[in-house]
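I opened the model to look up two things. The ligand site came before a single buried-or-exposed check.

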Amino acid sequence: MTEALARSWSDAATVPFWLDAPDAPEPAEALAGDTDTDLVIVGGGFTGLWAAIQAKELDPTRDVVLLEQDTVGFGASGRNGGFLDGSLTHGLRNGVDRFPEEIRTIERYAAENFAGIRDAIERYGIECDWTPTGTMAVAVEPYQVEQLRGAEELLRSFDQKVRFLDQDEVRAEVASPTYRAGIWDRTGTGLLDPGRLADGLRTAAERLGVRIFEGTPAEALEPHADRIDVRTPHGRVRARRVLLATSAFPPLLRAIRRYVVPVYDYALVTEPLSAEQRAAIGWRRRQGLSDGANQFHYYRLTHDDRILYGGYDAVYRYGGPVSSALDDDDHTFARLSAHFFHTFPQLRGLRFAYRWGGAIDTSSRFSVFFGSAHAGRVAYAVGYTGLGVGATRFGARVALDLLDGRETEATRLRYVRRRPMPFPPEPLRYGVVRLTQNRMAAADRNAGRRGVWLRALDALGLGFDS
Ligand SMILES: Cc1cc2nc3c(=O)[nH]c(=O)nc-3n(C[C@H](O)[C@H](O)[C@H](O)COP(=O)(O)OP(=O)(O)OC[C@H]3O[C@@H](n4cnc5c(N)ncnc54)[C@H](O)[C@@H]3O)c2cc1C
């Protein structure tokens with residue numbers, strides 16, 4: 001690493017850009033004492049917030065409590081790329097491969113969910129820099145151009161508005177010498193500021209009467225004949241129903257631990273670009289960008305013309321720890337910054353103002369799954385695997401339907417009823433995840449060709465992603 005590169009990120013603040021907002025709401029008080037409720041939601045990320053709002057929309061008389069161990073939006077929801085993708089299956093390709101009989105229905109739900117998010121943002125007056133520019137996947141290796149052609153065909157067969165761009169066209173959109181082609185998808189994708197979305201959903205939930213307690217970790221579930229108690233350090237919530245929305249954090253149910261591994265993803269945000277820097281990269285239409293390998297980057301402009309650049313490394317650590325100490329990772333930031341300046345050599349000298357990481361709730365099917373426990377009085381929606389900004393609203397709604405005993409077309413889907421293949425316990429878990437990552441990196445170096453290990457996983461419908 002050259003010194004100039006190291007200097008580009010070493011002074012960056014180690015907080016998520018989106019959470020460094022002077023106008024963020026004051027944190028709520030922690031729970032002190034015992035309280036009764038109809039529904040307690042554990043986790044104040046998008047899943048928990050959408051669950052709280054929809055629970056009240058479905059039945060305004062129901063009492064709802066939301067417990068957040070830190071502050072609302074502290075988890076992945078406040079530290080992601082802000083790419084809102086309608087897909088409920090971590091992309092159409094994954095959905096077609098895993099749920100071929102149901103994918104048309106799932107896609108219908110995906111479109112309804114996307115529209116539902118837009119409506120709620122409008123209805124509750126949430127200012128979250130909604131930017132309906134679509135997203136563009138770019139090819140940076142020759143073999144990826146063919147892959148984009150295949151993706152274009154698949155998206156078109158599902159009536160998505162998508163455009164293939166050749167090398168000149170894609171570089172005319174965004175000036176990177178690394179681009180060979182692109183596809184620009186304008187159906188059901190957009191960008192937003194996830195921090196402002198979390199704040200806005202929180203305010204909406206409070207207005208609907210949801211009681212939010214921050215700084216309140218749920219420590220255990222204690223089942224009784226007629227209720228479940230959620231134990232916290234300074235009080236109990238005695239609840240008729242419990243919805244767990246704890247993502248990659250240590251779960252309150254052992255069952256979840258079998259299906260979810262916390263994988264760290266990291267991002268950098270630059271200083272605001274000057275007018276000359278801005279002009280040097282084009283990008284007038286502000287699409288969200290990603291490049292096309294197994295190990296991929298995602299990047300976008302912010303409202304004040306910074307660039308957020310993240311992805312590539314997906315770090316799983318032995319035993320799956322989740323801790324703020326892991327939000328910083330020199331090795332990954334060194335690599336990310338080198339890749340950034342390779343993509344945009346004209347921006348050399350630009351510095352990064354923010355750096356952070358966050359845990360992703362990776363499941364072997366790459367998409368949310370559901371379950372319940374304690375005679376159906378506890379339900380959960382976890383496993384979004386790095387694509388949950390949009391899918392969390394749907395995940396929350398299905399978990400509510402399961403808790404309320406409401407049978408719907410969605411709750412009858414195999415997609416909802418089936419769980420992913422579990423990960424093996426440690427120490428095998430670490431070995432399997434690392435081997436899979438290693439083979440994915442090898443496939444990227446080898447023109448996308450998947451070796452024996454990855455093909456065996458494909459055949460079993462298993463995988464690993466971030
Ligand atoms: C770096 C990064 C980039 C990403 N980029 C994108 C993207 O661009 N687009 C996209 O669609 N997705 C992206 N994702 C994924 C997306 O952010 C998540 O899928 C989504 O936010 C998950 O929301 P959630 O509410 O389920 O989880 P979280 O937001 O993680 O919320 C879980 C909450 O539960 C709380 N909690 C946990 N345990 C307890 C407990 N015992 N008691 C009380 N509270 C508890 C946590 O503090 C946390 O606030 C990214 C994720 C990361 C980390």
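For sorting residues I count Ala, Val, Leu, Ile, Met, Phe, Trp, Tyr, Cys and Pro as nonpolar, Asp, Glu, Lys and Arg as charged, and the others, Gly among them, as polar. This is a predicted model, where local features need pLDDT of at least 70, side-chain atom pairs count only at pLDDT 80 or more, and totals for chains, interfaces and linings use all residues. Residues are numbered from 1 along each chain as its sequence is written, and side-chain values use heavy atoms, with hydrogens and water left out.

**Ligand site.** I found 35 residues around the ligand (a heavy atom within 4 Å of it). The closest are Thr47, Glu68, Ser77, Phe83 and Ala218. I sorted the shell into 15 nonpolar, 17 polar and 3 charged residues. Helix H2 (46-58) and strand S16 (352-362) each give the shell at least two residues; both are DSSP runs numbered from the N terminus, a helix (H or I) having at least four residues and a strand (E) at least two.

I then checked polar contacts (N or O pairs within 3.5 Å). A backbone N or O atom of Phe46 sits 3.0 Å from a ligand oxygen. A polar backbone atom of Gly82 is 3.4 Å from an oxygen of the ligand. For Ala218, a backbone N or O atom lies 2.9 Å from a ligand nitrogen. Alone, the ligand exposes 1,000 Å², and the protein buries 98% of that (Shrake-Rupley, 1.4 Å probe).

**Glu102.** I located Glu102 in the loop between helix H3 (92-98) and helix H4 (103-123). Is Glu102 buried or exposed? Glu102 is buried, because its relative accessible area is 12%, and buried means under 20% with a 1.4 Å probe, protein chains only.

Notes
A polar contact is a pair of N or O atoms within 3.5 Å; within protein, one must be able to donate a hydrogen and the other to accept it, and residues adjacent in sequence count only if both atoms are side-chain atoms. Buried means under 20% relative accessible area, exposed over 50%, partly exposed in between (1.4 Å probe, protein chains only).
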